[in-house]
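Colleague: I would like to learn how to read a structure like this one, feature by feature. Could we go through it together?

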Amino acid sequence: MRLLNVRIEPWEEADFPLLVRLNAPEMMEHLGGPETDVQTAARHRRYVETAQSDSAFVFKIVLDPGEQAAGQVTFWERTWQGESVYEMGWGVLPEFQGQGIATRAADLALARAREAGKQRFLHAFPSVENAASNALCRKLGFELLGETDVEYPPGHTMRCNDWRIDLTAPSPGAEPPS
């Protein structure tokens, strides 16, 4: 298998077909199921409008060579347990899963969150049943705080793991200061 270069780019109007693919039943299995066409269009509009705002960052995952769109990774501000934090989410299309693409893209997004310097902590809330996303959190150096209930989508409660990473701490693999 040839290694692919992974990069993240701000979400654009032309990325709607990617979002439609990310909304497939197999992609939304751990997120309460696919959204309606109207909900998907509204989410795309939010993504375009907030792709690089000061409170939300939405990226498509792009592979080289070939300029293939492989998925998305996002982080945004939210209040969690009375504290302002970032929350992160991601999705990689089925044909690109299992190749380390989500890990690399999420690591790039974490670097952007660190650069933003706005929040100390970033959380991820994968379903307790989503083994791949929980493994990704572990691999990236997140700390498992425990299980919690999260409302997503609105009106639906999910049992999730609460993973947290301290954005002010050196990233895993970073050179120690000399």
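Colleague: Let me begin with the interior: which residues touch the most other members in the largest nonpolar core?

Modeller: Happy to help, and please keep in mind that this is a predicted model. The way to read a core is to look for its best-connected members. Here the largest nonpolar core has 39 residues, and Ile-61, Val-73, Phe-75, Met-88, Leu-122 and Phe-142 touch the most other members. Helix 3 gives the largest share of this core, with eight residues. There is also a second, separate core of seven residues, with Trp-80, Val-85, Phe-121 and Phe-125 among them.

Colleague: Could we zoom in on one of those residues? What does Phe-75 touch, not counting residues up to four places away in sequence?

Modeller: Its partners come from several stretches of the sequence: Ala-56, Phe-57, Phe-59, Tyr-86, Glu-87, Met-88, Ala-109, Arg-112, Ala-113 and Leu-122.

Colleague: Let me step back to the whole chain. What pattern does it follow along the sequence?

Modeller: The order of elements reads β-α-α-β-β-β-α-β-α-β-β, which comes to four helices and seven strands. As for burial, 43% of the 178 residues are buried. Contacts tell you about the fold too: of those with a separation of 6 or more, 62% are between residues 24 or more positions apart.

Colleague: Now a helix. How many ångströms should helix 2 span, and how far apart are its ends?

Modeller: A quick check is to compare the expected span with the distance between the end C-alpha atoms. Helix 2 covers residues 37-50, and at 1.5 Å a residue its 14 residues should span 20 Å; the end C-alpha atoms are 20 Å apart, so the two agree. Next, look at which side faces inward. Thr-40, Arg-43, His-44 and Tyr-47 are the buried residues of helix 2. Seen down the axis, the buried residues of helix 2 fall within an arc of 105°, so they line one face. Val-38 and Glu-49 are exposed on the face turned away from that buried side.

Colleague: And which elements do the buried residues of helix 2 pack against?

Modeller: They pack against helix 1 (16-22), strand 2 (56-64) and strand 3 (68-80).

Colleague: Does the same span check work elsewhere, and what is the result for helix 3?

Modeller: Helix 3 takes in residues 101-116, and its 16 residues should span 22 Å; the end C-alpha atoms are 23 Å apart, which agrees. Its buried residues are Ile-101, Ala-102, Ala-105, Ala-106, Leu-108, Ala-109, Leu-110 and Ala-113.

Colleague: What follows helix 3?

Modeller: Gly-117 does, with a positive phi near 60°. Gly-117 belongs to the loop between helix 3 and strand 5 (121-124) and is exposed, with a relative accessible area of 60%. Thr-168 is 51 residues away along the chain, yet its C-alpha atom is separated from that of Gly-117 by 8.3 Å.

Colleague: How should I read a positive phi when the residue is not glycine?

Modeller: Most residues other than glycine have a negative phi. That makes Gln-81 worth a look, as its phi is positive, near 50°. Gln-81 is in the loop between strand 3 and strand 4 (83-92). At 67% relative accessibility, Gln-81 is exposed.

Colleague: Charged side chains next. Is Asp-64 buried or exposed?

Modeller: Buried, with a relative accessible area of 18%, so it falls under the 20% cut-off. With a buried charged residue, look for a polar partner. Asp-64 is in strand 2, and a polar contact of 2.5 Å joins its side chain to that of Arg-7.

Colleague: Last one: cysteines. How many disulfides does a search of the whole structure find?

Modeller: Zero. Cys-137 is buried at 0% relative accessible area, and Cys-160 is buried at 1%. Both appear in the surroundings of Pro-126, whose contacts beyond four places in sequence are Ser-133, Asn-134, Cys-137, Cys-160, Asn-161 and Trp-163. Pro-126 is in the loop between strand 5 and helix 4 (131-139), and at 8% relative accessibility Pro-126 is buried too.

How values were computed:
Residues numbered from 1 in each chain as written. Predicted model: local features only at pLDDT ≥ 70, side-chain atom pairs only at ≥ 80, totals over all residues. Heavy atoms only, no water. Helix = DSSP H or I, 4+ residues; strand = E, 2+ residues; numbered from the N terminus. Expected span 1.5 Å × (residues − 1). Buried < 20%, exposed > 50% of the residue type's maximum accessible area, 1.4 Å probe, protein only. Arc of directions from axis to C-beta. Contact = heavy atoms within 4.5 Å. Polar contact = N/O pair within 3.5 Å; in protein donor to acceptor, adjacent residues only side chain to side chain. Disulfide = S-S within 2.5 Å. Core = buried A, V, L, I, M, F, W, Y, C linked by side-chain atoms within 4.5 Å.
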